[in-house]
Number of protein chains: 2
Amino acid sequence: MKIKVLTISEDILGANKEKARQNQSRLDKHNILAVNVMSSPGAGKTSLILQTISGLKKKARIGVIEGDVASTLDANKVHELGVPVIQINIPGGCHLDANMMENALNNLPLEDIDLLLIENVGNLICPAEFALGEHKRVMLLSLPEGDDKPYKYPLMFTEADVVLINKIDLLSYLEFNIPAFREAVIGLNPKAKIFQVSCKTGEGLEDWFSWLLDDIGKMKRE
Amino acid sequence: MKIKVLTISEDILGANKEKARQNQSRLDKHNILAVNVMSSPGAGKTSLILQTISGLKKKARIGVIEGDVASTLDANKVHELGVPVIQINIPGGCHLDANMMENALNNLPLEDIDLLLIENVGNLICPAEFALGEHKRVMLLSLPEGDDKPYKYPLMFTEADVVLINKIDLLSYLEFNIPAFREAVIGLNPKAKIFQVSCKTGEGLEDWFSWLLDDIGKMKRE
């Protein structure tokens, strides 16, 4: 399948929530687990998606939606792994929304997907405000960003089902207080799962894969 | 002076550009050089501001505006250095705008400031779209974010007068192609000045200080 590029004009208003509900029903009908992956620019969303494809491709059929202001850099990398991928470009926009998600779903082979990974635009603020129809929300916080981010961008942490502490391989070069960070996240969101990973070295990713496989299994059984 | 916290509701519409022009006239009248500092979350805006205060406090009178979704963490750090600072909190917002800037100017001792450093909300997208009345725009890109960011967030790079490559002390631990990054920035914005710095070790900051002092001098002479 070739990479499709959808360039979408701003359509922020309208019933985003209702559209997200419709998207989720459609995903449920196909037993697809949809995961919205959010973070700051450069925190490692694409690396996480590439690692997840490599780690799970024998256990689940994966599809990807790539959201960016511009470029198809990330979609190209996913495409090279032989996975169906849609690039959504949003000039002037700062997050995906449910209409864009619907448009992407219209262009994906839904009958051939178990796990849909959605890479949101790199932004710690706006993506948390717009439901897409996903079942789970995952956020990455990379060590170089600092351990104070839950205080400064609380909504993202409050909304996440999973918080991945990424770039753990850099821990010895940085000042990052992991216990304090975990405490701040749990203070905002006691149910959040927190995993420490390196999408570069692969460290810690097994726990993330297990969590995904567990939820993919639940989708199939329900 | 105590830290003031202005909590501002969304008022995105309206004549932002006209208001920015008014803010700039007001700054000009006081010979204040205003610099809008933008970056992703955790790229080092606050560290840059703290280093700049330490480096220039004997040569210029500095004031600071701190923009954040939530918290006064950054304003507290500035306040400890004895510099007038206003914290602007924008729940649900993702950038500063000219109305917020006016509100902050109303609360700062303008007659006692030569250099006004404005820390925008951590976000590589929206802040570039809203003029505040600043004279110069500075963006930080920290090495861990990756060298592909000019392709993915072009507006921020196009709008910047100065691009600071921060966290240069981490270069040996990361894959970041500095010549390729510089070429991408210059491709978007041939006039951009690019400095390589570490706001942690202080490396390279002298060039940044000289650039600021030069512009502060121009404000006084004009």
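User: What relates chain B to chain A in this predicted model?

Analyst: A rotation of 180° with 0.0 Å of shift along its axis superposes chain B on chain A, with an RMSD of 0.0 Å. The two copies are therefore related as by a two-fold rotation axis.

User: How do you know that the copies meet through the same surface?

Analyst: Of the interface residues of chain B, 100% are also interface residues in chain A, so the surface is the same. Contact here means C-beta atoms within 7 Å, and 27 residues of chain B are in contact with 27 residues of chain A. On the side of chain B that touches chain A, the largest share, 3 residues, comes from helix H5 (residues 149-152) of chain B. That side divides into 14 nonpolar, 7 polar and 6 charged residues.

User: What makes the span of helix H8 (residues 205-221) of chain A agree with expectation?

Analyst: At 1.5 Å a residue, its 17 residues should span 24 Å, and the end C-alpha atoms are 25 Å apart, which agrees.

User: Why are the buried residues of H8(A) said to be on the same side?

Analyst: A residue is buried if 20 or more other C-beta atoms lie within 10 Å of its own; A:Leu205, A:Trp208, A:Leu212 and A:Ile216 are buried. They cover an arc of only 70° around the axis, which puts them on the same side of H8(A). Exposed residues on the other side include A:Glu206, A:Asp214 and A:Arg221.

User: Which elements do the buried residues of H8(A) pack against?

Analyst: Among them are strand E2 (33-38), helix H2 (45-56) and strand E5 (115-119) of chain A.

Conventions
Residues numbered from 1 in each chain as written. Chains lettered and ligands numbered in written order. Predicted model: local features only at pLDDT ≥ 70, side-chain atom pairs only at ≥ 80, totals over all residues. Least-squares fit on C-alpha atoms with pLDDT ≥ 70 in both. Contact = placed C-beta atoms within 7 Å. Helix = DSSP H or I, 4+ residues; strand = E, 2+ residues; numbered from the N terminus. Nonpolar A, V, L, I, M, F, W, Y, C, P; charged D, E, K, R; others polar. Expected span 1.5 Å × (residues − 1). Buried ≥ 20, exposed ≤ 12 C-beta atoms within 10 Å, placed from the backbone. Arc of directions from axis to C-beta.
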